[in-house]
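Hi there,

Here is the structure I promised to pass on to you. Have a look at it first, and then read on for my notes.

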Amino acid sequence: MATHQQLVLASGAHITDLLQTKQLQISGFRGQVSHIPAQGELAQLATVICANGYLTPQHNKQHCVGASYVKDPQHLNFCPQEQHENSLKMKQSFPHSNWPNDIDVSNSDARVGVRMVSRDHFPVMGCATDVDELFKRYAIQQQSKDKPSQWQRYWQTTPAPIYEGLYVLGGLGSRGLSSWLTRCRMFSRKSLRPTVTC
Ligand SMILES: Cc1cc2nc3c(=O)[nH]c(=O)nc-3n(C[C@H](O)[C@H](O)[C@H](O)COP(=O)(O)OP(=O)(O)OC[C@H]3O[C@@H](n4cnc5c(N)ncnc54)[C@H](O)[C@@H]3O)c2cc1C
């Protein structure tokens, strides 16, 4: 079996599959994007619209409109209800316009995926935190009679417990496609230096 000094997990929705990462505070949110035919006024769209959801200009006579956002999904099959909700997003954003009526989701064409999202919606990247150990220390703090300022100082000055050599790059949420380049640069500069600092 090959052994390596450093391992980077960038496995998307599977990033929490391992014993060392299952406690990371990051959750899967299902998303369904509907693929709809370019027709009527809608076909003239020349730029991406970001409003209540998003709509792209046509590509190969199809637009994308979406997306749903469902925590801890039970399945990743096509969902008619989410398809219907996608059809309403532009109508809700532009109630006085006619072109949203050209949005037709009846072909049931869509793509379903999972985004991994942290609580503060920031990416989770860098050294893999040993969350069990972190929670143990926090439990000690909860039971202690120390002044709060003592613990504040502790958390500010003590490096977080980590799994040496294990790194994570995930939790890119709904913006992973648009932000991956910056995130990867930040990650490689901060985490993968010859001398690792966290
Ligand atoms: C419906 C939907 C719409 C979205 N729309 C947008 C958008 O418009 N703009 C935008 O910026 N972002 C969008 N996103 C978010 C974007 O897709 C994600 O943020 C991004 O894909 C996350 O990148 P990632 O590399 O962390 O994970 P992924 O893209 O999921 O890549 C992880 C990869 O790791 C592989 N993998 C998993 N386990 C293993 C393993 N054990 N060994 C080897 N390989 C493994 C997987 O096969 C996969 O190829 C959308 C997401 C969804 C679900």
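Let's start with a loop: Asn101 sits in the one between α1 (80–93) and β7. Helices (H or I, at least four residues) and strands (E, at least two) are DSSP runs, numbered from the N terminus. Before going further, please note that this is a predicted model, in which local features need pLDDT of at least 70, side-chain atom pairs count only at pLDDT 80 or more, and totals for chains, interfaces and linings use all residues. Residues are numbered from 1 along each chain as its sequence is written.

Is Asn101 buried or exposed? Asn101 counts as partly exposed because 13 other C-beta atoms lie within 10 Å. The rule is that a residue is buried if 20 or more other C-beta atoms lie within 10 Å of its own, exposed if 12 or fewer, and partly exposed in between, with C-beta atoms placed from the backbone. Asn101 and Glu41 are 60 residues apart along the chain, yet their C-alpha atoms are separated by 9.2 Å.

Compare that with Thr47, in the loop between β2 and β3 (49–51). Thr47 has 8 other C-beta atoms within 10 Å, so it is exposed. Between the C-alpha atoms of Thr47 and Gln32, 15 residues apart along the chain, the separation is 21 Å.

Next, the strands. Two strands pair if DSSP finds at least two bridges between them. Strand β2 (residues 26–37) is antiparallel to β7, with nine bridges, and one of these partnerships puts Ser27 opposite Val117. β2 also pairs with strand β5 (residues 62–66) in the antiparallel sense, over four bridges; there, Pro37 has Gln62 as its bridge partner. Two bridges join β2 to the antiparallel strand β6 (residues 70–71), where Phe29 is matched with Lys71.

Now for the inside. A nonpolar core is a set of buried Ala, Val, Leu, Ile, Met, Phe, Trp, Tyr and Cys residues joined through C-beta atoms within 7 Å. The largest one has 11 residues, including Ile15, Leu24, Met116 and Tyr167. At least two residues of this core come from each of β7 (110–118), β8 (124–129) and β9 (162–170), and β8 gives the most, with four. A second, separate core has seven residues, among them Leu42, Leu55, Val65 and Ile103.

The helices are worth a look too. What is the bend in α4, and where is it centred? α4 has a kink of about 35°, centred on Thr182; the bend at a residue is the angle between axes fitted to the seven residues ending there and the seven starting there. Helix α4 (residues 176–191) spans only 19 Å between its end C-alpha atoms, where a straight helix of 16 residues would span 22 Å. The expected span is 1.5 Å times one less than the number of residues. Helix α2 (residues 131–143) reaches 19 Å, close to the expected 18 Å, and the count of buried residues among its 13 residues is zero.

Finally, some backbone oddities. Most residues other than glycine have a negative phi, and most peptide bonds are trans. Lys61, however, has a positive phi of about 65°, and Asp72 has one near 40°. The peptide bond from Gly66 to Ala67 is cis, with omega near -10°; Ala67 lies in the loop between β5 and β6.

Happy exploring!
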